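Good morning. I will go through one structure, starting with a single pair of side chains and then moving out to the interface. Please have a look at it first.

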Number of protein chains: 2
Amino acid sequence: MTDLPLPIPRSADADASPAPSARDRLLRQATAMFAVKGFTAASTREICEAAGVNIASIRYYFGDKEGLYRETLLGPITEVIHAFGRFDDPELSFEEAMRMFLAPILGVASGHKDPSVQVQVMKLHLREMLEPSPAFRQVVEQTILPAYQALSGMLARHCGLRRPDDDIHQLAFALVAMANDYCQSREMMKLLAPGVLDRPRALEQVLDRLVGYAHALLDHEVGRRQRTAIATAASGRPESTPPS
Amino acid sequence: MTDLPLPIPRSADADASPAPSARDRLLRQATAMFAVKGFTAASTREICEAAGVNIASIRYYFGDKEGLYRETLLGPITEVIHAFGRFDDPELSFEEAMRMFLAPILGVASGHKDPSVQVQVMKLHLREMLEPSPAFRQVVEQTILPAYQALSGMLARHCGLRRPDDDIHQLAFALVAMANDYCQSREMMKLLAPGVLDRPRALEQVLDRLVGYAHALLDHEVGRRQRTAIATAASGRPESTPPS
DNA sequence: ACCACATAATCAAACGATTGATTGATGCCC
DNA sequence: GGGCATCAATCAATCGTTTGATTATGTGGT
């Protein structure tokens, strides 16, 4: 029950699986462990045992636990952001752009064979938003911030603005929040409304809905700004909160 | 620097502050610690030192660390859900209902003097959605599930349905996600768009926008359903995914 | 008023277990 | 034999928990 002394379970297959190295196994298991249990709760012994490697391998390959964690974070996040592509291309329609932006977050058409890995990585990042580690702040400034600026800039453009203002920022956060929630609240969603995620083409349908939501919110924001502009032009008051 | 041997710092005031007991101090500091560092990362010594109580107090008042954690979770969540009031009252308009529902989540008009406590507690619950503890699942079924059923039921009613279907559930999750995000991504929001949360009436304005978003999404969903109904009636295909 | 007793609350100290990190030796392949 | 990778074993530190004693707060009897 306690001992499973098989460090390399899969033998040399034909060609499909090139027998993942100890480093890769360690990194993969660490991703899963960190996502499920968090940084502190996931012990190095646990991770190494699941990966079938010795405890000293962490020091050997990554220096220490935080180095392993940093690698676990940095790798997939750049992958997702790269998957965005040029979603802020002015040639694209708003729906096309939002679809390009939302699809990688939901994990649609992910490169991995196992879709749960994508979800685990998203959970890791969402956990970091609650409890930012020093490693994460660095990742944010290098990768997430440019992506967010591209999003808010695109939203501003579709609202007829040259630069995003606070209302655009709020709209951007609302859109991102809707997408993130489908990685974050998955367990609760299965508990409260099992049908949404168990349908055959569940993720595609969720993506369709979210794109529709985004369009509705953009139209709402455009309309609100027009009403605000008319109101301020009529009364001369530069107030910023008309009804809804 | 190390020793602060004053277990009861504030002397007997007039009447405003009844000198919080050791149990209350412990509970308050535990809430802050758990919210900031998580369950495992927050050590019992740390919590007790911050609260100015002995380590054995945890065993004395709550049995063990998990008992303290359970109390930390259960208390404020029932408080928030009770603050919803009867938001699903059929007499209310949709905007009135959503305002009653969203305000407690954002922490508007909270009973606490310190608004950061409310945010901390929300972070605790969001963390639990990523890593549900046994204590949390019990809390979900007892308190969150009824509140969610009230929300999805109200949404279904405003869409002309007797019971919520999968599309209503997805709409409900999107609305909750938008509100949760303002507790969850606060740090990142301050980093990416500082103006949104630093305005004088920031929370009230955010609430106004979210209520507007909710209305826009509801209208979008109603329109989508009408278009779907017309399309299926015309072609006879019971498909469920028309464009946006 | 005084003592005896009981309960509640708090304390310092230590328990065993587990943590992340580190060492020096070992097998292996080119 | 010389890098490369892996191993068992152990380090000091910290973890949550527990103990037994000590102080504070009442309570009732005489």
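Let me begin with A:Arg224, which forms a salt bridge with A:Glu221, the closest N and O atoms lying 2.8 Å apart. By salt bridge I mean a side-chain nitrogen of Lys or Arg within 4 Å of a carboxyl oxygen of Asp or Glu. Both A:Arg224 and A:Glu221 sit in helix 11 of chain A, 3 residues apart, about one turn of the helix. Helices here are DSSP runs (H or I, at least four residues), numbered from the N terminus.

Before going on, some housekeeping. This is a predicted model, where local features need pLDDT of at least 70 and side-chain atom pairs count only at pLDDT 80 or more, while totals for chains, interfaces and linings use all residues. Residues are numbered from 1 along each chain as its sequence is written, chains are lettered from A and ligands numbered from 1 in the order in which they are written, and side-chain values use heavy atoms, with hydrogens and water left out.

Is A:Glu221 buried or exposed? At 0% relative accessibility, A:Glu221 is buried, and A:Arg224 is buried too, at 2%. The cut-offs for relative accessible area are under 20% for buried and over 50% for exposed, with partly exposed in between (1.4 Å probe, protein chains only).

A:Arg224 also forms a salt bridge with A:Asp167, at 3.1 Å between the closest N and O atoms. A:Asp167 lies in helix 8 of chain A and A:Arg224 in helix 11, so this pair ties together parts that are 57 residues apart in sequence. A:Asp167 counts as buried, at 11%.

Now to the other chain. The side chain of B:Arg209 meets that of A:Asp167 in a salt bridge of 2.9 Å, N to O. B:Arg209 thus belongs to a network of salt bridges that also links A:Asp165, A:Asp167, A:Glu221, A:Arg224 and A:Arg225.

How many salt bridges are there between chain B and chain A? The count is 2, and the structure holds 18 over all chains.

As for the interface as a whole, 53 residues of chain B are in contact (heavy atoms within 4.5 Å) with 53 residues of chain A. The two chains bury about 5,400 Å² between them, 62% of it on carbon and sulfur atoms. Buried area is the accessible area (1.4 Å probe) that two parts lose on being put together, summed over both.

Last, away from that network, B:Glu46 forms a salt bridge with B:Lys37 at 2.7 Å. B:Glu46 is partly exposed, at 28%, and B:Lys37 is partly exposed, also at 28%.

Conventions. Helix = DSSP H or I, 4+ residues; strand = E, 2+ residues; numbered from the N terminus.
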